[in-house]
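Let's take a walk through this protein together, starting from the middle and working outwards. Have the model open and follow along.

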Amino acid sequence: MRKRIASALLCAAFVVGGIGITASASSILVEKDPGEMTLQYTYLNSINPSLSISNRTATVSGTIKGYSSVTKINYSVTLEVKEGSSWRYVNAWSGTKAGSSTTYSYSKSDLTSSKTYRTKTVATIYSGTKSETITVYSVERKA
């Protein structure tokens, strides 16, 4: 019962905090200290997407770090704009990096003023032939 309540609170914290995370079956919810819950992945150590907007130009950047057993990282980053209650595709970038970590940085100009934007990062982390896929949304920003 305690873990169910903690799981619900953790999910609520991600929604209220403006960051969404979708985890694969290889992630587990771990209670490190009483009342403190965290998602723990098999191969992913951290993923940190960033979106900044200035003068109608978006800068999309981030880091993806795996544990030492990670052999390859595939990622795709999609810039989305809010249209009513849904999100619409604006632009996308992708990459593959051998090794256990990667960084990325891209830009997109001519955004529509007063519109709200976010990024969706989908990363697949490989350890040999095994893998896990994680989806993370950035904080929303206005142009």
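What you have here is a predicted model, and a good place to drop in is its largest nonpolar core, a set of 23 residues. Leu 44, Val 60, Ile 64, Tyr 75, Leu 79, Tyr 104 and Ile 125 have the most contacts inside that core. Who contributes? At least two core residues come from each of strand 4 (44–54), strand 5 (57–66), strand 6 (72–83), strand 8, strand 9 (116–127) and strand 10 (130–137). Strand 6 gives the largest share, with 5 residues.

Pick out Leu 44 and look around. Setting aside neighbours within four places in sequence, Leu 44 touches Ile 64, Lys 65, Gly 66, Tyr 67, Ile 125, Glu 132 and Ile 134.

Now zoom out for the overall layout. The protein has 1 helix and 11 strands, and the helix comes at the N-terminal end of the series, with the strands following: α-β-β-β-β-β-β-β-β-β-β-β. Among contacts between residues at least 6 apart in sequence, 61% link residues at least 24 apart. Of the 143 residues, 29% count as buried. The exposed surface comes to about 8200 Å², and carbon and sulfur atoms supply 49% of that.

Next, the aromatics. Searching the whole structure turns up 3 aromatic pairs. Take Trp 93 and Tyr 106: their ring centres are 5.2 Å apart and their planes sit at 10°, so this pair is stacked. Trp 93 belongs to strand 7 (residues 86–98) and Tyr 106 to strand 8 (residues 101–108), so the pair ties together parts 13 residues apart in sequence. Is Trp 93 buried or exposed? Its relative accessibility is 14%, under the 20% cut-off, so Trp 93 counts as buried.

Tyr 106 also stacks with Tyr 104, at 6.2 Å centre to centre and 20° between the planes. Both of these tyrosines, Tyr 104 and Tyr 106, are buried. Put together, Tyr 75, Trp 93, Tyr 104 and Tyr 106 make one aromatic cluster, and two of its members, Tyr 75 and Tyr 104, also appeared in the list of core residues with the most contacts.

There's another ring to visit: the charged end of Lys 72 sits over the ring of Tyr 126, 4.6 Å from its centre.

Finally, how far can you trust all this? The average pLDDT is 84, and 73% of the residues score at least 70. Over residues 1–19, though, the pLDDT is below 50, and in the model this stretch has 17 contacts beyond near neighbours in sequence. Where pLDDT is low, predicted coordinates shouldn't be read in detail.

Technical notes. Residues are numbered from 1 along each chain as its sequence is written. This is a predicted model: local features need pLDDT of at least 70, side-chain atom pairs count only at pLDDT 80 or more; totals for chains, interfaces and linings use all residues. Side-chain values use heavy atoms; hydrogens and water are left out. Rings of Phe, Tyr and Trp (its six-membered ring) pair if their centres lie within 6.5 Å; planes under 30 degrees apart count as stacked, over 60 as edge-to-face and the rest as tilted. Helices (H or I, at least four residues) and strands (E, at least two) are DSSP runs, numbered from the N terminus. Buried means under 20% relative accessible area, exposed over 50%, partly exposed in between (1.4 Å probe, protein chains only). A charge sits over a ring if NZ of Lys or CZ of Arg is within 6 Å of the ring centre and within 35 degrees of the ring normal. pLDDT is the predictor's confidence in each residue, from 0 to 100. Contact means heavy atoms within 4.5 Å. Accessible areas come from the Shrake-Rupley method with a 1.4 Å probe; for residues, only the protein chains shown count as cover. A nonpolar core is a set of buried Ala, Val, Leu, Ile, Met, Phe, Trp, Tyr and Cys residues joined through side-chain atoms within 4.5 Å.
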